[in-house]
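Work through the following exercises with the sequence and the coordinates open. Each task is followed by a solution in steps.

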Amino acid sequence: MQIKKMLKEDYNRWSVFTNGSSDKLTSDETKLIAELHSKYMNHSYHIPCGCSPKTWNSWIGNLNNIFENGIGEPNQ
C-alpha cells in the first residue's frame, strides 16, 4: 500500500489548522477540511452536516494521519 503524503501547500495549511486553539470549527476551517479530505480520500467535495461531530472528527483524523506522513509529490 502506498503511503499518502500532502503537497507542501496543503501541508502548510493543515499545519496552521492543527496549531489552532479553538474547539469549534469556523466556516473557513470546515471548507479546508472538506477540500483536503475530498482531495486526499478521493471523493467529491461536500460539507457534512454540522449536527454531529462524528464525521468531522473522522475526517480530521484521516487528514492528521496523512499529515504525519509528511510532504510528498502529487503521485506519491
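**Exercise 1. Burial and overall form**

Task: State what percentage of the 76 residues in the protein chain is buried, and decide how the radius of gyration compares with the globule rule.

Solution.
Step 1. The model is a predicted one. Buried residues account for 28% of the 76 residues of the protein chain.
Step 2. The protein chain contains three helices and zero strands. Read from the N terminus, the order of its elements is α-α-α.
Step 3. For 76 residues the globule rule gives 11 Å, and the radius of gyration of the protein chain is 12 Å, which is close to it; the chain is therefore as compact as a globular protein of that length.
Step 4. Along the principal axes, the C-alpha atoms occupy a box of roughly 35 × 25 × 15 Å.
Step 5. Take the contacts between residues at least 6 apart in sequence: 63% of them join residues at least 24 apart.

**Exercise 2. H1 against H2**

Task: Classify the packing of helix H1 (residues 8–18) and helix H2 (residues 27–40) from their axes, and give the classes of the residues in contact.

Solution.
Step 1. Two packed helices are described by the angle between their axes and by the distance between the axes.
Step 2. The axes of H1 and H2 cross at roughly 140 degrees and come within 11 Å.
Step 3. Angles over 145 degrees would count as roughly antiparallel. The pair H1 and H2 is therefore oblique.
Step 4. H1 and H2 cross in a left-handed sense. On the H1 side the contact is made by Asp-10, Arg-13, Trp-14 and Phe-17, and on the H2 side by Glu-29, Leu-32, Ile-33, Glu-35, Leu-36, Lys-39 and Tyr-40.
Step 5. Sorted by class, the contact of H1 with H2 has six nonpolar and five charged residues, and no polar ones.

**Exercise 3. H1 against H3**

Task: Repeat the analysis for H1 and helix H3 (residues 53–68).

Solution.
Step 1. The axes of H1 and H3 are 11 Å apart, and the packing angle is about 125 degrees.
Step 2. H1 is therefore oblique to H3. The crossing of H1 with H3 is left-handed.
Step 3. From H1, the residues Tyr-11, Trp-14, Ser-15, Phe-17 and Thr-18 meet Ile-60, Leu-63, Asn-64 and Phe-67 from H3.
Step 4. This contact of H1 with H3 divides into six nonpolar, three polar and no charged residues.

**Exercise 4. H2 against H3**

Task: Find the angle and the axis distance for H2 and H3, then list the residues that make the contact.

Solution.
Step 1. H2 and H3 cross at roughly 60 degrees, and their axes come within 10 Å.
Step 2. Roughly perpendicular begins at 65 degrees. H2 is therefore oblique to H3.
Step 3. The crossing of H2 and H3 is left-handed. H2 contributes Thr-30, Ile-33, Ala-34, Leu-36, His-37 and Tyr-40, while H3 contributes Trp-56, Trp-59, Ile-60, Asn-62, Leu-63 and Ile-66.
Step 4. In the contact of H2 with H3, nine residues are nonpolar, three are polar and none is charged.

**Exercise 5. Two helix residues**

Task: Decide whether Asp-10 is buried or exposed, do the same for Ser-38, and name what each touches beyond four places in sequence.

Solution.
Step 1. Asp-10 belongs to helix H1. Buried means under 20% relative accessible area. Asp-10 has a relative accessibility of 2%, so it counts as buried.
Step 2. Leaving out residues up to four places away in sequence, Asp-10 touches Leu-36, Lys-39 and Tyr-40.
Step 3. Ser-38 sits in helix H2. With 10% relative accessibility, Ser-38 also counts as buried.
Step 4. With residues up to four places away again left out, Ser-38 touches His-43, Ser-44 and Tyr-45. The C-alpha atoms of Ser-38 and Lys-4 are 13 Å apart, with their positions 34 residues apart along the chain.

**Exercise 6. Two loop residues**

Task: Assign Asn-42 and Gly-20 to an exposure class.

Solution.
Step 1. Asn-42 is located in the loop between H2 and H3. Its relative accessible area is 66%, so Asn-42 is exposed.
Step 2. The phi angle of Asn-42 is near 55 degrees, a positive value in a residue other than glycine.
Step 3. Gly-20 is found in the loop between H1 and H2. Gly-20 has a relative accessible area of 43% and is therefore partly exposed.
Step 4. Gly-20 and Lys-31 are 11 residues apart along the chain, and their C-alpha atoms are separated by 15 Å.

Technical notes
Residues are numbered from 1 along each chain as its sequence is written. This is a predicted model: local features need pLDDT of at least 70, side-chain atom pairs count only at pLDDT 80 or more; totals for chains, interfaces and linings use all residues. Side-chain values use heavy atoms; hydrogens and water are left out. Axes are lines fitted to C-alpha atoms, for helices over the stretch in contact, and angles run from 0 to 180 degrees between N-to-C directions. Helices (H or I, at least four residues) and strands (E, at least two) are DSSP runs, numbered from the N terminus. Angles under 35 degrees count as roughly parallel, over 145 as roughly antiparallel, 65 to 115 as roughly perpendicular and the rest as oblique. A crossing is left-handed if the near helix is turned anticlockwise from the far one by less than a right angle, and right-handed if clockwise. Contact means heavy atoms within 4.5 Å. Ala, Val, Leu, Ile, Met, Phe, Trp, Tyr, Cys and Pro count as nonpolar, Asp, Glu, Lys and Arg as charged, and the others, Gly among them, as polar. The radius of gyration is taken over C-alpha atoms; the globule rule is 2.2 Å times the number of residues to the power 0.38. Buried means under 20% relative accessible area, exposed over 50%, partly exposed in between (1.4 Å probe, protein chains only).
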